[in-house]
Amino acid sequence: MCDSCGCDLTTNHHSHKTTAQVIDVHQSLLAANDAIAAGNKAHFEALGIVAINMISSPGSGKTTLLEKTIERLQGQIKIGVIEGDIETDRDAQRIRAKGVPVVQMTTGGACHLDAAQIHKGLHLLEQEPGGDQLDLLFIENVGNLVCPATFDLGEHQRVVLVSVPEGPDKPAKYPKAFISSQLFVITKTDLLPYFDFPVAEATADALHLNPRLQIMALSAVSGEGFEAWLDYLRDITKNQQG
Amino acid sequence: MHEMSLVQALFTQLASLAADHDKHRVLTVTVAIGPLSGVVVDSFQFGFDILAAEHSLTKEAKLIIINPPATFQCLQCGHNQIAAVRPDSCPQCHETLLIAEGGDAIILNQVEME
Ligand SMILES: Nc1nc2c(ncn2[C@@H]2O[C@H](COP(=O)(O)OP(=O)(O)O)[C@@H](O)[C@H]2O)c(=O)[nH]1
Ligand SMILES: [Mg+2]
Ligand SMILES: [Zn+2]
Ligand SMILES: [Zn+2]
């Protein structure tokens with residue numbers, strides 16, 4: 001605390017010349033992003049959409065999970081997807097091949113999606129056939145377990161995914177993604193016989209960070225654990241619309 | 001490096017504060033970075049130094065980073081601990097499941113300008 005002016009600057013290097021002025025701001029650096037995120041959320045709700053933000057390292061199986069989910073929920077829940085990648089629209093092409101509305105947002109180097117990109121993406125999605133009457137919107141974030149966790153997109157649910165080959169230490173090493181998520185999905189459980197991945201350890205570490213976290217384990221290849229995932233999706237879309 | 005996005009947001013705020021108050025030089029900037037914010041303080045400082053050097057408004061600006069603590073509430077007995085790093089367990093009942101409150105903010109607290 002500065003004795004001269006009572007400001008909470010911890011150094012005494014600042015002068016009290018007449019021209020210098022200390023301005024109290026106390027505003028989040030994320031304020032601009034968060035305001036747009038709140039707008040996105042209102043927009044989702046006006047359209048009756050539940051939005052899920054999917055966060056994981058590259059290659060954890062996000063796009064594969066979406067492909068299988070679209071197949072399994074066809075005719076039950078109207079799904080749309082916003083794909084985030086640094087470059088290319090390959091993931092969007094994979095999703096489009098499944099016959100659902102999708103837009104690709106490329107960040108051009110940025111390691112995360114922000115709320116403004118989702119705002120833009122949502123308007124682009126509305127122009128796609130069927131994109132104006134969705135129940136469930138998946139946002140596949142840029143593959144990165146660190147940076148996307150800081151940026152609220154206006155989603156209702158945040159899902160963090162870790163695949164079996166990545167190892168069980170990810171919750172402990174990347175806490176923010178686990179603290180800020182509602183659901184943790186362990187993917188590629190068909191590979192458990194080949195990797196040292198004690199599910200109990202990963203689960204305990206994740207719950208230690210966030211005792212409210214819901215946890216499931218599944219495989220897009222064998223289909224193991226898929227029913228619980230589909231039930232979760234049916235449940236959150238029912239709650240939103242009901 | 002999402003710290004760079006945050007530093008850019010900071011510089012946008014600094015430019016508009018300077019314009020609002022008719023100031024031309026930023027002397028000190030105080031930013032509070034919570035322990036659960038997911039921000040690497042060194043990366044933030046690094047980004048700040050790069051961007052500060054690029055603008056005459058901030059060429060001499062000093063960044064002061066403060067680390068406010070978070071509150072960790074015991075899931076079992078409700079006991080609150082205030083700490084900068086996550087405690088292993090509750091000192092009252094030894095429960096290991098603690099819910100973090102706060103500590104995830106990244107706040108521009110104060111700016112000194114002339
Ligand atoms: N064994 C196995 N491989 C999977 C599974 N899900 C995805 N993969 C593979 O993991 C790789 C990366 O998957 P992808 O969905 O593109 O990951 P993303 O980067 O998170 O979108 C691909 O080669 C997939 O075929 C799974 O459940 N089991
Ligand atoms: Mg993908
Ligand atoms: Zn980053
Ligand atoms: Zn306790």
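Q: What makes the pair formed by Gly59(A) and an oxygen atom of ligand 1 a polar contact?
A: In this predicted model, a backbone N or O atom of Gly59(A) lies 2.8 Å from an oxygen atom of ligand 1. A polar contact asks for a pair of N or O atoms within 3.5 Å, so this pair qualifies.

Q: Which other backbone atoms have a polar atom at such a distance from an oxygen atom of ligand 1?
A: A polar backbone atom of Gly61(A) is 3.0 Å from an oxygen atom of the ligand, and one of Ala220(A) is 2.9 Å from an oxygen atom of it. Of the accessible area of 580 Å² that ligand 1 has on its own, the protein covers 70%.

Q: Which residues come nearest to ligand 1, and which element gives the largest share of its shell?
A: Among the 15 residues around the ligand, the nearest are Gly59(A), Lys62(A), Thr63(A), Thr64(A) and Asp190(A). Helix α2 of chain A, residues 62-73, supplies 3 residues, which is the largest share of the shell.

Q: Why are Thr63(A), Asp91(A) and Glu140(A) called donors of the magnesium ion, ligand 2?
A: The atoms concerned are OG1 of Thr63(A), an OD atom of Asp91(A) and an OE atom of Glu140(A), lying 2.1 Å from the ion. The limit for a donor atom at this metal is 2.8 Å, so the three residues count as protein donors. Along the chain, the donors follow the spacing T-x27-D-x48-E. Asp91(A) belongs to helix α3 (residues 90-96) and Glu140(A) to strand β5 (residues 136-140) of chain A, so this pair ties together parts that are 49 residues apart in sequence. Both Asp91(A) and Glu140(A) are buried.

Q: How do you know whether Asn144(A) is buried or exposed?
A: Asn144(A) has a relative accessibility of 14%, and the buried class takes in values under 20%, so this residue counts as buried. Asn144(A) is placed in the loop between β5 and β6 (157-163) of chain A, and its side chain reaches the backbone oxygen of Cys111(A) at 3.3 Å. For the chain as a whole, buried residues make up 51% of the 242 residues.

Q: Why is strand β1 of chain B described as largely enclosed?
A: In this strand, residues 26-33, 8 of the 8 residues are buried, so the rest of the structure largely encloses it.

Q: What makes β1(B) a paired strand, and in which sense does it run against β6(B) and β2(B)?
A: Pairing needs at least two bridges, and β1(B) shares 7 with strand β6 (residues 106-113), so these two count as paired, in the antiparallel sense. With strand β2 (residues 62-66), β1(B) has 5 bridges in the parallel sense. Ala32(B) stands opposite Ile107(B) in β6(B), whereas Val31(B) stands opposite Ile65(B) in β2(B). Together with helix α2 of chain B, residues 41-54, the strands β1(B) and β2(B) make a right-handed β-α-β unit.

Q: What makes β3(B) and β4(B) partners, and which residue between them takes a positive phi?
A: Strand β3 (residues 70-74) is joined to β4(B) by 4 bridges and the two run antiparallel; two bridges would suffice, so they pair. Gln73(B) stands opposite Asn80(B). Their hairpin has 5 residues between the strands, and Gly78(B) takes a positive phi near 85° there. Strand β4 (residues 80-83) has a covered face, Gln81(B) and Ala83(B), and an uncovered one, Asn80(B) and Ile82(B).

Terms used:
Residues are numbered from 1 along each chain as its sequence is written. Chains are lettered from A and ligands numbered from 1 in the order in which they are written. This is a predicted model: local features need pLDDT of at least 70, side-chain atom pairs count only at pLDDT 80 or more; totals for chains, interfaces and linings use all residues. Side-chain values use heavy atoms; hydrogens and water are left out. Buried means under 20% relative accessible area, exposed over 50%, partly exposed in between (1.4 Å probe, protein chains only). A crossover is right-handed if, with the strands pointing away from the viewer, the path from the first strand over the helix to the second runs clockwise. Donors are N, O and S atoms within 2.8 Å of the metal (3.2 Å for Na, K and Ca); water is not among the atoms, so sites may look incomplete. A residue is near a molecule or strand if one of its heavy atoms lies within 4 Å of it. A polar contact is a pair of N or O atoms within 3.5 Å; within protein, one must be able to donate a hydrogen and the other to accept it, and residues adjacent in sequence count only if both atoms are side-chain atoms. Accessible areas come from the Shrake-Rupley method with a 1.4 Å probe; for residues, only the protein chains shown count as cover.
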